[in-house]
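Student: I have a model open and would like to learn how to read it. Where do we start?

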Amino acid sequence: MTTRRKFLKQSGMLVVTFCAAGAAGAAGPLAAQVAAGPYPDPDFKKLDSWIVIHENNTATFYVGKTDCGQGTGTAFRQMMADELDIAYDKTTCVMGSTDVTVDQGGSGGSDAIQTDGWPMRRVAAEARRVLLDMAATRFSVPADQLNVRDAVVTAKSDTTKRVTYGELIGGKRFNVALTGNNVDATTGVAKVKTVQEFQIIGTSPQRYDIPAKVDGTMKWATGVKLPGMVHARNVKPPFAGAKLIRIDEASVRFLPGFVRVVSKGNYVAVVFEREEQAIGAVRLLKVDWEKPTTAPFPSSEDLHKYMRSATPTSQGNPAVIGNPDTAFSSAAKVVEAEYDVPFQGHTAIGPAHATADPSNGQMTIYSNDMKSYGMRNGVADFLGMPRDKVRVVWMEGPQGYGRTAADDAGFEAAYIAKEVGRPVRMQWMRGEETAWDTKGPAYTFKMRGALDAQGNLTAFDYNAQAADYNHLGYNEPNTVLIAQLMGTRPARPAAGGADRPSEMYAIPNRRTASAVVSMPLIYETPLRTGNLRDPNGPQVAFASESFIDELAAAAKADPVAFRMKLLTASQTDDAQFKRARSIACVKAAADAFGWDARVSPRPRASGNILTGRGMAYSFRSQTVVAEIAEVEVNRTTGHVWVKRLVCAHDCGLVINPEALKRTIENGMLHSLSRALYEEVQFDTEKVTSVDWLTHPTLTHTDTPAKIDIVIVNGDPNPKRPDLPQYGAGETVCKPLMAAVANAIYDATGVRLRRVPFRDARVLAALKSAAV
Amino acid sequence: MSNVTLKVNGKNHTVDIDPSTPLLYILRNDLELEGPRFGCGLGQCGACTVIIGGVATRSCITPTSSVRSEVTTLEGISQNGRLHPLQQAWIDEQVPACGFCQNGQIMTAKALLDKTPKPTDAQIREGMARTLCRCMTYFRIQAAIKRAAKVGA
């Protein structure tokens with residue numbers, strides 16, 4: 001099969017000696033030297049940048065996205081194959097390498113299908129149109145008198161007039177210009193298909209990346225080996241905010257394989273010929289550090305107390321609807337509660353890593369960075385290199401669900417490679433990753449709700465504070481850790497954000513306020529916040545959907561009925577019918593679970609195991625999710641087992657139902673892990689969560705016995721011709737922690753207002769409530 | 001440095017290494033076997049799992065000098081180009097998300113089924129308990145193990 005690289009090379013567009021991406025997006029054979037470049041960006045306004053038709057009547061799609069392990073590559077192929085009218089298995093997809101695929105930003109924000117799917121569909125439709133025009137010319141029949149199926153065009157009037165896409169253009173360029181002010185707006189003149197015309201979208205071909213992931217043949221970023229490559233490891237400050245005083249290079253210079261100690265500011269790394277040599281040298285290198293004079297942060301025990309008393313770094317004006325003060329003063333009952341969520345780590349199963357090749361004055365970085373284009377730009381700025389002399393080859397890696405948006409290791413590998421003039425493989429160690437990776441922001445919440453005599457929620461006062469100051473950007477050359485340790489500072493720290501509830505409840509009076517607070521240490525800190533799988537949603541939904549449950553209990557109402565009443569109290573819908581779709585999801589989840597309407601908590605059962613069920617619901621962008629957890633709480637140990645999960649999910653048009661189901665299952669279990677176990681712990685000097693014992697995660701023993709998923713897609717507008725595709729992934733992470741808390745309350749009558757619900761915390765709460 | 005001979009996936013290899021080096025680095029860097037992966041270097045997560053003498057072993061904390069029996073890696077469990085039933089079950093169930101930990105999941109499951117061909121749900125949970133997945137594919141992993149056990153892995 002002709003690769004696009006070879007194809008472009010033959011056509012004189014690019015002259016390179018390196019094959020970045022093979023048929024399935026895996027890296028091809030690595031050449032000894034990378035050509036000098038330049039490596040210009042593929043032009044999104046050229047059809048040839050997106051699609052190549054090969055002589056054997058197959059197609060390769062080039063998309064500027066990365067796959068975080070949820071099968072988006074398979075979905076892209078389905079969408080483009082369907083629009084192009086070619087069989088799915090006659091296509092391949094190449095993703096996310098900066099000089100091979102157009103810049104669609106990599107991954108993030110669950111927007112791959114929702115946003116980037118559109119230009120992909122449009123360019124594939126345009127390619128189909130162009131091919132049909134060519135066939136029309138060949139057969140001297142109008143294009144609308146042609147049929148096309150599986151990349152074979154026939155004349156309707158005479159089926160002996162038959163030509164394949166490969167025969168029409170195989171191995172040649174389209175030379176067709178596209179339009180659009182930006183990559184998301186890329187379009188030709190062809191129209192995309194309607195839902196009724198789809199043949200591949202909505203089916204579930206198996207993910208193409210999975211066989212290589214189970215037979216050991218996958219080429220991972222972590223496995224890149226280059227001639228002359230050396231191994232680097234970081235030497236991190238032992239205390240947050242420590243200042244480097246002195247390095248005794250002689251302490252490691254005598255070791256076998258020594259190459260270099262690289263250091264600038266507070267950044268230190270050792271470089272050795274072999275990996276185990278570098279790992280050993282980290283322990284032996286003598287470095288004198290000076291502790292900071294003030295504590296970089298409070299201890300994790302005191303975190304929320306500190307956050308509640310801290311002066312906000314930013315505070316938006318509260319959003320006010322109606323007159324909350326009046327409603328509270330005339331309330332029959334006022335409910336108040338505070339909730340806390342700690343910092344939680346990304347803690348990818350494999351730590352940060354990248355390999356950089358500095359040969360011939362260029363810099364190539366082999367990386368699993370989800371935002372490979374951002375890394376290319378960031379590294380170019382960081383190293384002072386022209387952008388077109390830097391490229392990032394995206395490869396598969398361990399997912400951290402937001403961790404690689406600020407990909408420290410790529411910057412470090414490139415910096416060291418430039419220093420030593422040899423290819424460098426950088427990898428973090430486990431303790432380093434768990435302590436220093438980016439964190440989901442900690443939150444503290446204070447809420448009040450007013451109920452009237454009939455149990456109607458008349459006012460809701462929401463206050464959130466997020467420890468999110470200097471939230472990390474995307475591969476910025478002045479915010480990645482190596483830059484901060486070297487003393488680089490942005491003009492001002494990022495403001496960060498504190499989010500507000502995502503629900504469609506009609507509450508007549510509301511006051512919604514949120515503020516950001518800062519830890520004392522802003523830079524060079526292991527408590528740096530980043531985008532952890534919906535950066536704020538799980539925290540906010542934990543608090544707001546727990547509180548809705550508390551209000552339902554105070555109103556002596558069934559939690560589902562209470563929510564339905566709030567959703568149906570208004571008749572106003574937005575253009576995407578989010579309110580109506582919320583109603584559909586809550587109802588679908590309750591139906592699938594077999595929800596028995598009653599007030600929580602259930603009457604206290606006897607015996608050691610208490611069972612209960614809880615619901616929570618939320619949305620992200622236009623994707624709506626309602627989830628129900630059924631729990632068993634062990635009275636003696638405090639252990640919580642979520643034995644069953646139900647999710648009703650509406651993300652509009654579904655591309656691959658089976659892949660979507662797995663994304664939903666895994667996303668719910670990720671939030672279950674955050675609900676039950678995950679918390680970054682630290683003292684007033686350093687993070688003390690450094691491994692899987694000190695930052696535990698969900699295990700096989702916690703797996704629910706049953707998971708039911710209902711794909712709702714309830715679109716209430718019969719006049720609507722099409723269902724757009726919405727982002728499916730992160731929404732499922734939002735309501736789960738609240739669903740579990742609500743289920744524990746139902747089972748025990750004990751309300752847990754702080755995540756995570758580890759055994760000891762649950763047991764203490766049960767004991768203090770005499771359960 | 002000294003010469004160490006290892007039998008891996010049916011072949012003998014002699015490598016000139018520091019024999020105290022954990023087996024994982026020798027497999028990955030000297031024998032170019034990338035099935036086993038670095039996850040923690042502490043024996044806590046299982047991403048590096050290989051099978052030595054029938055026992056699922058964490059190669060990241062196993063000194064190469066201590067290896068006395070043949071080592072089997074993920075690359076070595078298919079036979080005559082035919083996937084191991086567990087690998088096939090992994091595909092049929094569409095188990096992996098990112099897939100980085102799945103080496104450990106499959107190799108741990110293989111050692112489990114070799115010893116207990118028809119495990120109960122509880123035996124699967126217990127047998128797999130210390131093999132971590134951060135994409136949280138546990139539900140499908142357990143389904144795949146049951147599927148493989150049915151066809152006789």
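Tutor: Start with a pair of strands: strand 4 (residues 146-149) and strand 5 of chain A run antiparallel and are joined by four bridges. Keep in mind that this is a predicted model.

Student: Which residue in strand 5 of chain A is the bridge partner of Asn147(A)?

Tutor: Thr154(A) is that partner. The two strands form a hairpin with two residues between them, and Asp150(A) in the turn has a positive phi of about 50°.

Student: What lies on the other side of the pairing, that is, how many bridges join strand 5 of chain A to strand 6 of chain A?

Tutor: Three bridges, and these two strands also run antiparallel, with strand 6 covering residues 162-164. Val152(A) stands opposite Thr164(A) of strand 6 in chain A. Here the hairpin connection runs through six residues.

Student: How do I read the side chains of a strand?

Tutor: In a regular strand, side chains alternate between the two faces of the sheet. In strand 5 of chain A (residues 152-155), Val152(A) and Thr154(A) point one way, while Val153(A) and Ala155(A) point the other way. All four are buried.

Student: Let us take a single residue in another strand. Is Thr91(A) buried or exposed?

Tutor: Thr91(A), in strand 3 (residues 91-95) of chain A, has a relative accessible area of 3%, so it counts as buried. The cut-off for buried is under 20%. Leaving out residues up to four places away in sequence, Thr91(A) touches Ala59(A), Phe61(A), Arg77(A), Ala81(A) and Ile86(A). A polar atom of the Thr91(A) side chain also lies 2.6 Å from the backbone oxygen of Tyr88(A).

Student: What about a charged residue in a loop, such as Glu730(A)?

Tutor: Glu730(A) sits in the loop between strand 27 (706-711) and helix 18 (736-748) of chain A. Its relative accessibility is 11%, so Glu730(A) is buried as well. Its side chain makes a polar contact of 2.9 Å with the side chain of Ser110(A). Among the residues that Glu730(A) touches are Arg533(A), Asp534(A) and Arg620(A).

Student: Now a helix. How many of the eight residues in helix 1 of chain B are buried?

Tutor: Six, which leaves the helix mostly covered. They are Leu23(B), Leu24(B), Tyr25(B), Ile26(B), Leu27(B) and Arg28(B). To see what covers a helix, list the elements its buried residues pack against. For helix 1 of chain B, these include helix 7 (275-284) and strand 19 (424-427) of chain A, along with strand 1 (2-8) and strand 2 (11-17) of chain B. Just after the helix, Glu32(B) takes a positive phi of about 55°.

Student: That crosses between chains. How many residues of chain B are in contact with chain A?

Tutor: There are 51 from chain B, facing 58 residues of chain A. The two chains bury about 4,700 Å² between them, 57% of it on carbon and sulfur atoms. Gln94(B), Arg134(B) and Phe139(B) supply 18% of the area that chain B buries against chain A, more than any other three residues.

Student: What polar links should I look for there?

Tutor: Look at salt bridges and polar contacts. Four salt bridges are found across the interface of chain B and chain A. One of the salt bridges in the model joins the side chains of Arg140(B) and Glu665(A) at 2.5 Å, N to O. The count of residue pairs in polar contact between the chains is 27. By class, the side of chain B that touches chain A has 27 nonpolar, 12 polar and 12 charged residues.

Methods:
Residues numbered from 1 in each chain as written. Chains lettered and ligands numbered in written order. Predicted model: local features only at pLDDT ≥ 70, side-chain atom pairs only at ≥ 80, totals over all residues. Heavy atoms only, no water. Contact = heavy atoms within 4.5 Å. Buried area = accessible area lost by both parts, 1.4 Å probe. Polar contact = N/O pair within 3.5 Å; in protein donor to acceptor, adjacent residues only side chain to side chain. Nonpolar A, V, L, I, M, F, W, Y, C, P; charged D, E, K, R; others polar. Buried < 20%, exposed > 50% of the residue type's maximum accessible area, 1.4 Å probe, protein only. Pairing = 2+ DSSP bridges.
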